[in-house]
Each structure stands twice: as structure tokens, then as C-alpha cells.
Amino acid sequence: MITVMWKTAAGEKGEVQLSGDDKWTFGRTGGADEPTVGVDHPLVSRTALVIRDSGPGPVVFRGQRDNGAKVSLVSVIGSVTWLDEGTAGNLTAEENRVELSLDGEVLVTVDVEFDQRGSVVERQQADER
């Protein structure tokens, strides 16, 4: 299980726990699947960010189109890994914050808490025992 905590530029914040096939999404509202956290901004993609539980750490997928946007994975010491459009990255105990910025303004900050554990295959094998 993972805990996703978010804060938007508009001051909205929240927390949700995810397990199994659950996912947390951030994006523009008005599509077929409403995001967990929506924003009414024409330059934000409908599925700008998707976070899912995976092993050994959660996966962040950047669906946000370029449009001047930057998506970063931020470590506890402040170092940054950038995610390109259409790519995913794994969160770790040291790198567990995600920020989506547009034209220099951080639209959403997401902190993810989770216990270190084995890969998905290792966890499935342990469940079968």
C-alpha cells in the first residue's frame, strides 16, 4: 500500500491510499475519466500525471504534453530527475516527491509514502506461499 499526498497551486490538498490496481491521477477535467485531482487549465493534459503502486517503489507516468511543462522527481536532499513526455520513473525512499510545473509555476506537488518491498513478482510469489 502507498499513501499519496498532494497540494495544488490553488491551495487544495488531500491524501489517498492506493493498493493493487488503484491509481492516482492529475489532469485537466472534462474527459471520459475524471482525474483524482483535476485542474481547469487548457495547457494541462487530461492524464498529466499517473501514480500507481508497483514494486519495489511506486511508478509515476508523465502523460503531460510538453506545452512548457516540466515534471520532476525530487529527492529528500533536493536533487532532481526530469521525466520526459510519455515516460515513467520509479519513486524510491530517497526520491519520493513529484512536481508538475508549467511556465515556472508549480501546479501540483505530490509526496508518496511507502514501505520498501520486493518487486511485484516477488510479492506475488510470497502471496502464493
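Let's start with W24. Leaving aside neighbours within four places in sequence, W24 is in contact with V4, W6, V16, L18, T36, V37, L49, V50, I51, V108 and V110. Keep in mind that this is a predicted model.

Now, which core does W24 sit in? W24 belongs to the largest nonpolar core, which has 25 residues. W24 is one of those with the most contacts inside that core. The others on that list are V4, F26, L49 and V110. Look back at the contacts of W24: V4, L49 and V110 are there too.

Which elements feed this core? Two or more residues come from each of β1 (2-8), β3 (23-28), β5 (49-52), β7 (69-75), β10 and β11. The biggest giver is β11, with 5 residues.

Step back to the whole chain. The protein chain has 1 helix and 11 strands. From the N terminus, the strands run one after another, and the helix comes at the end. Of the 129 residues, 38% are buried. The accessible surface is about 7,300 Å². Carbon and sulfur atoms hold 45% of that surface. On contacts: take those between residues at least 6 apart in sequence. Of these, 46% join residues at least 24 apart.

Next, charge. How many salt bridges does the structure hold? It holds 1 salt bridge. The partners are D111 and R97, and their closest N and O atoms are 2.7 Å apart. The pair links distant parts of the chain. D111 is in strand β11 (residues 105-114), and R97 is in strand β10 (residues 95-102). They are 14 residues apart. Why can such a pair form? Side chains of opposite charge can pair when their charged atoms come close.

Are these two buried or exposed? Neither label fits D111: at 23% relative accessible area, D111 is partly exposed, because buried would need under 20%. R97 is partly exposed as well, with 31% relative accessibility.

Last stop, S79. Where does it lie? S79 is in the loop between β7 and β8 (80-83). S79 is partly exposed, at 37% relative accessible area. The side chain of S79 makes a polar contact with the side chain of S75, at 2.7 Å. Not counting residues up to four places away in sequence, S79 touches L73 and V74. One more distance here: S79 and E94 are 15 residues apart along the chain, and their C-alpha atoms are separated by 9.8 Å.

Methods
Residues are numbered from 1 along each chain as its sequence is written. This is a predicted model: local features need pLDDT of at least 70, side-chain atom pairs count only at pLDDT 80 or more; totals for chains, interfaces and linings use all residues. Side-chain values use heavy atoms; hydrogens and water are left out. Helices (H or I, at least four residues) and strands (E, at least two) are DSSP runs, numbered from the N terminus. Buried means under 20% relative accessible area, exposed over 50%, partly exposed in between (1.4 Å probe, protein chains only). Contact means heavy atoms within 4.5 Å. Accessible areas come from the Shrake-Rupley method with a 1.4 Å probe; for residues, only the protein chains shown count as cover. A salt bridge is a side-chain nitrogen of Lys or Arg within 4 Å of a carboxyl oxygen of Asp or Glu. A nonpolar core is a set of buried Ala, Val, Leu, Ile, Met, Phe, Trp, Tyr and Cys residues joined through side-chain atoms within 4.5 Å. A polar contact is a pair of N or O atoms within 3.5 Å; within protein, one must be able to donate a hydrogen and the other to accept it, and residues adjacent in sequence count only if both atoms are side-chain atoms.
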